[in-house]
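Student: Could we go through this model together? I'd like to ask a few things about helices and charged pairs.

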Amino acid sequence: MAHKRPAFVLLGASMVEYSFRPGGWGAVLADLYSRKADILLRGYRGWNTRRTRAALPHFLPKDSPESQQPALVVIFLGTNDAAFPLPSGKGQFVPIPEYKENLRYMCEYCQSLSDSTRVLLITPPPINDEARRALSWKRFGPLALNWLDRTDERAQAYAQACLSVAEEMKVGVVDLHNAIKRVENWETECLSDGMHISPKGCEILVELLLEALKKVSLHWEDVPNDLYCEPHMFDMIHPFLESQEYKQNLEKN
């Protein structure tokens, strides 16, 4: 029988793509679940729910055997959907009604992969408006100071929409948005550029994720180690343990 571990798929945009950087929440999960589950990254910076929905059947094909389907799909989307609409119709913006419908579709799709596949949503984090304003000035000059790419007010509305879909679809949810706002000086402590979560923000997310996974018996302490954990003749043995000095000391005691 082929060697297999449970698979946890992290699905999203840059918040997921960057999660395997040092101190990132995906890297922390990979460490905690080493020899227990495979943490698979499917994060594409700049993507919104519209683009992710279209690609989902390619990422997680339904015709794969049920035994090969993921045990968990974490969906972390909304920050890009909450961008401002542009006159050209281009860009990342997705209206809230469509955002909710896309999340519903993805929840239903992932739940249909197998009877044991669990789905967990993460709300988009808050936005530090002033940091985004400063970034606009840095990139485009002083004329761009009045042009924000996204705001906390909009992020909050999409976070609430995410919570609503989770309740409707009866899937797990991590309310990262409001958890971060409970931290003193969250604007600089929990965000790196006014939008992406910092190492501190990642710590908060991991703690909340583990709490949510405990409820569905997927906490790392509840997931058994995979094969090849039994004692073996090739296990590390310190040379001292086979020395005469060690053996003589055992005989004396």
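Tutor: Sure, starting with a term: a polar contact is a pair of N or O atoms within 3.5 Å; within protein, one must be able to donate a hydrogen and the other to accept it, and residues adjacent in sequence count only if both atoms are side-chain atoms. This is a predicted model, where local features need pLDDT of at least 70, side-chain atom pairs count only at pLDDT 80 or more, and totals for chains, interfaces and linings use all residues. Residues are numbered from 1 along each chain as its sequence is written, and side-chain values use heavy atoms, with hydrogens and water left out.

Student: At the start of helix 3, which residue's backbone nitrogen does a side-chain oxygen of Asn48 reach?

Tutor: Helices here are DSSP runs (H or I, at least four residues; strands are E, at least two), numbered from the N terminus. At the start of helix 3, the Asn48 side-chain oxygen comes to within 3.2 Å of its target, the backbone nitrogen of Arg50.

Student: What do the buried residues of helix 3 pack against?

Tutor: Buried means under 20% relative accessible area, exposed over 50%, partly exposed in between (1.4 Å probe, protein chains only). Thr49, Thr52, Ala55 and Leu56 are the buried ones in helix 3 (residues 49-59). They sit on the same side of helix 3, because their arc around the axis is only 140 degrees, taken from the directions from the helix axis to the C-beta atoms. Going by contact (heavy atoms within 4.5 Å), the buried residues pack against strand 1 (7-12) and helix 4 (96-111).

Student: And which residues are exposed on the other side of helix 3?

Tutor: Flip to the other side of helix 3 and you find two exposed residues. They are Ala54 and His58.

Student: How far apart in sequence are the parts that Arg50 and Glu98 tie together?

Tutor: Arg50 and Glu98 form a salt bridge, their closest N and O atoms being 2.7 Å apart; the term means a side-chain nitrogen of Lys or Arg within 4 Å of a carboxyl oxygen of Asp or Glu. Since Arg50 lies in helix 3 and Glu98 in helix 4, the pair ties together parts separated in sequence by 48 residues.

Student: Is Arg132 buried or exposed?

Tutor: Arg132 forms a salt bridge with Asp193, with 3.7 Å between the closest N and O atoms. Asp193 itself is partly exposed, at 25% relative accessibility. For Arg132 the relative accessible area is 6%, so this residue counts as buried.
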